[in-house]
Every structure is written in C-alpha cells, then in structure tokens.
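Me: I would like to go through the reasoning behind some labels in this structure. Could you take me through them one by one?

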Amino acid sequence: MIEKNHHEDSICDLQFKFNCLYQQHSRIRNIRFRKIFLTIILILIITLFHFNNRNELTIKKQLKHFDTKNYNLTNVSLAITTYSWFTSRLKFFYNHGDIDEPKYVKDTPMCSLNLSILELLKYIKILGPKNVNKSAIRFEWLEKQFPEVKSGGFHAPEHCRARHRVAILIPFRNRGTNLAILLYHLHPFLQKQLLAYRIFVIEQVGTDSFNKGALYNIGFLESQRYGRDWQCYIFHDVDLLPMDERILYSCPRKPTHMSAAVESHGYDNLSADSDKFRHRLQAKRLPMLRYNKSIARYAALPHEKNIINDKRYAALYSAKKRFRKEGLRTVRYLLIGVIKRTLFTHILADVNPDKYMIKNQTLPVVI
C-alpha cells in the first residue's frame with residue numbers, strides 16, 4: 001500500500017514537472033512571438049514615418065516654387081484624401097469660415113426685395129443687361145477694389161441676414177487672366193443679390209489631362225471646411241461672364257442649368273459638360289431647369305485652346321453608365337495646400353495622387 005502511494009506520487013511529480021516545462025515553453029514561445037510581432041510593428045511604424053517624412057520634404061521642396069509666404073504648411077495633407085476618409089472626419093474639422101461671419105444682432109431682419117413701385121423700377125434698371133469688359137486686369141490692382149470682401153473671397157450683407165448661402169466652385173489651371181476678369185465682374189454681381197457666398201478656386205497641379213469633374217468634387221469636399229451649411233453649389237467656368245444681373249445665383253429647389261446662352265456657341269450651350277450633368281440627372285430621374293436664353297446670356301473670355309481629348313465622345317457616350325461607379329464617392333486626390341487669398345479661397349490639389357511625385361517643371365505659377 002505504501003509502495004503504491006509512493007509510485008503514484010512519483011508519477012504525479014513527473015506530470016507536474018512535465019506540465020511546468022510545457023508551460024515554461026509556452027511562455028517562452030509567446031514571449032518570442034510577441035517580440036517578433038512588436039518588431040514587425042516597429043519596422044512598419046519607422047517605414048511609414050520615413051515615407052511620410054520623405055513625402056513632406058518632397059512637398060515642401062515643391063512648395064518653394066510657389067508663393068510660400070502665404071502657405072500654412074500645416075494645411076498640407078501628406079496622405080491621399082478619399083470621400084470616405086473626408087466624411088468620416090468631417091465632424092472633427094475646425095470651421096475656418098466662422099471668423100468671417102458677420103456678427104448680427106438678435107433682431108437683424110432677413111434680406112428681402114420688398115420694394116415700393118418707384119424703388120422696384122429703379123432696381124430693375126440696376127439689375128439688367130450690362131456691358132462686359134474683357135480687358136486684362138492686374139491682380140495687384142484688383143485686390144484693392146473690394147475692401148468689403150473678407151479674406152478668402154467671403155461676403156455677406158451686413159444690414160440683413162442672407163436667405164441663401166452659396167459656394168462658388170471654379171476649376172482652374174493656367175488661366176490667371178481669365179480668373180482676374182471673372183472675379184472683377186463676379187463679386188459686385190453677387191453682392192447685389194444679397195447673398196452670403198464664398199468663391200473657391202480649385203487649381204489642378206501637374207500636367208495630367210485637366211479633370212474638371214474631379215476638381216468640382218474636390219471643391220465640394222474642401223468647401224465644407226469653411227462651413228457645412230452651404231445651401232447650394234454653383235459650378236462655374238473661369239472663362240464665362242454673366243451678361244445680365246437678373247441671372248440669379250440663389251438656390252432653386254431643383255438643379256438648374258444657368259448658362260443657357262453662351263457667346264462662343266452662338267448664344268447656345270451644347271457643351272459636353274452640360275450633357276454629362278444632364279445624363280446623370282436623367283439617370284436619377286431628376287429634372288434640370290434652364291434659365292430663359294434671353295436673360296441667361298454669358299460672354300466667353302478668350303484663352304489658349306486645350307489639347308482635345310480623343311476619347312471625349314466615348315466618355316460622353318458612357319457617362320450615363322459610369323455615373324453609378326464613379327463620381328464623388330470615388331474621388332482621390334492629394335491636397336497640396338489651401339490659401340485664403342484676398343478675393344478667393346485657393347485650393348491646390350493633385351487629381352492623380354497615385355503617381356505622387358510632382359516634377360518641378362510641371363508646377364504652375366500660383367497667382
């Protein structure tokens with residue numbers, strides 16, 4: 001009986017030792033695994049830091065070719081921006097437009113055009129067809145003409161609360177002369193309509209094919225850093241000037257084609273851009289309004305002809321099918337910088353971020 005107990009105790013001791021050795025081996029294996037895992041994580045962090053640091057140096061090197069004194073390099077994104085990334089972080093963004101808002105008193109009335117008959121007749125004379133001056137304008141002179149416009153191209157009436165908050169999006173590249181003329185006409189035009197507005201100029205960096213649609217999408221996203229309460233967006237060409245002040249830049253209930261009659265098209269507008277919008281709206285069964293051609297007349301500014309895209313007709317034909325797969329939700333871009341200019345908010349972006357490297361000779365001259 002005693003021998004049996006002793007034998008059993010010996011077996012228990014062996015099992016205990018085996019279990020102890022197994023547990024020690026398991027702990028050692030887990031520690032090694034953790035060390036390997038932490039080493040891999042550390043290598044990835046160092047690699048990403050080195051990559052981002054190299055990208056930052058690359059961007060800063062490129063920015064020295066710009067007017068860097070107006071740049072805030074903290075606004076430069078070091079990563080590709082996508083729709084999902086932007087919208088997921090939108091609520092954490094600081095509203096850069098708050099500082100420009102008028103400080104209204106509690107009983108400030110809403111803006112209205114309820115005028116007497118004599119005032120109405122006078123107002124109709126003010127708002128009507130106007131002569132358009134297409135002469136070149138220097139930005140140095142232009143920036144002194146509108147002291148009432150806040151930095152970044154924001155304006156709102158002081159004596160009343162605007163009924164409409166409008167974001168004007170202007171895609172741009174190498175059209176400095178056109179842009180100056182447009183701003184000279186557009187600011188007083190918008191102010192007469194008692195709007196709260198900000199003008200965004202979205203400039204495409206590089207020599208890739210000009211992608212107006214991507215720039216509009218970028219402008220739509222980045223404009224929300226300056227307020228999330230824009231009631232409507234106006235997609236505006238840099239080379240078109242409104243010729244009648246009765247063209248309302250306010251916010252209708254339905255999408256509206258504003259440039260119904262363009263000078264360069266024999267006062268008709270059958271552009272491919274308009275057709276693309278129309279196809280997308282039709283696919284969603286949304287009506288598109290169009291202003292009367294006798295009022296919605298636009299003058300076209302002269303400029304150098306762009307390289308014609310050989311695939312433009314195929315792209316137009318497939319636009320109605322592609323809109324479900326591409327658009328705002330698929331936009332990808334690298335935000336190079338944002339500047340609050342005197343008369344507009346200047347957004348610079350690379351619409352082809354996958355190539356990433358920006359060659360010195362491809363950079364445009366910033367106004």
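Me: Happy to start with a charge and a ring: what makes R165 count as lying over the face of W230?

Reply: This is a predicted model. In it, R165 is 5.3 Å from the ring centre of W230, and the cut-off for a charge over a ring is within 6 Å, together with an angle within 35 degrees of the ring normal. R165 therefore counts as lying over the face of W230. R225 likewise lies over the face of F93, at 4.3 Å from the ring centre.

Me: Why is the pair of F86 and F93 called edge-to-face?

Reply: The centres are 5.2 Å apart, with 65° between the planes. Pairing needs centres within 6.5 Å, and planes over 60 degrees apart count as edge-to-face, so both conditions are met. W85 joins F86 and F93 in one aromatic cluster.

Me: How do you know whether F86 and F93 are buried or exposed?

Reply: Buried means under 20% relative accessible area. F86 has 0% and F93 has 17%, so both count as buried.

Me: And what makes the pair of F146 and Y184 tilted?

Reply: Here the planes are 55° apart and the centres 6.4 Å. That angle is neither under 30 nor over 60 degrees, so the pair is tilted. F146 lies in the loop between α4 and β2 and Y184 in helix α5, so the pair ties together parts 38 residues apart in sequence.

Me: Why is Y184 called partly exposed?

Reply: Its relative accessible area is 30%, which falls between the 20% and 50% cut-offs, so partly exposed is the right label. F146, at 8%, is buried.

Conventions: Residues are numbered from 1 along each chain as its sequence is written. This is a predicted model: local features need pLDDT of at least 70, side-chain atom pairs count only at pLDDT 80 or more; totals for chains, interfaces and linings use all residues. Side-chain values use heavy atoms; hydrogens and water are left out. Rings of Phe, Tyr and Trp (its six-membered ring) pair if their centres lie within 6.5 Å; planes under 30 degrees apart count as stacked, over 60 as edge-to-face and the rest as tilted. Buried means under 20% relative accessible area, exposed over 50%, partly exposed in between (1.4 Å probe, protein chains only). Helices (H or I, at least four residues) and strands (E, at least two) are DSSP runs, numbered from the N terminus.
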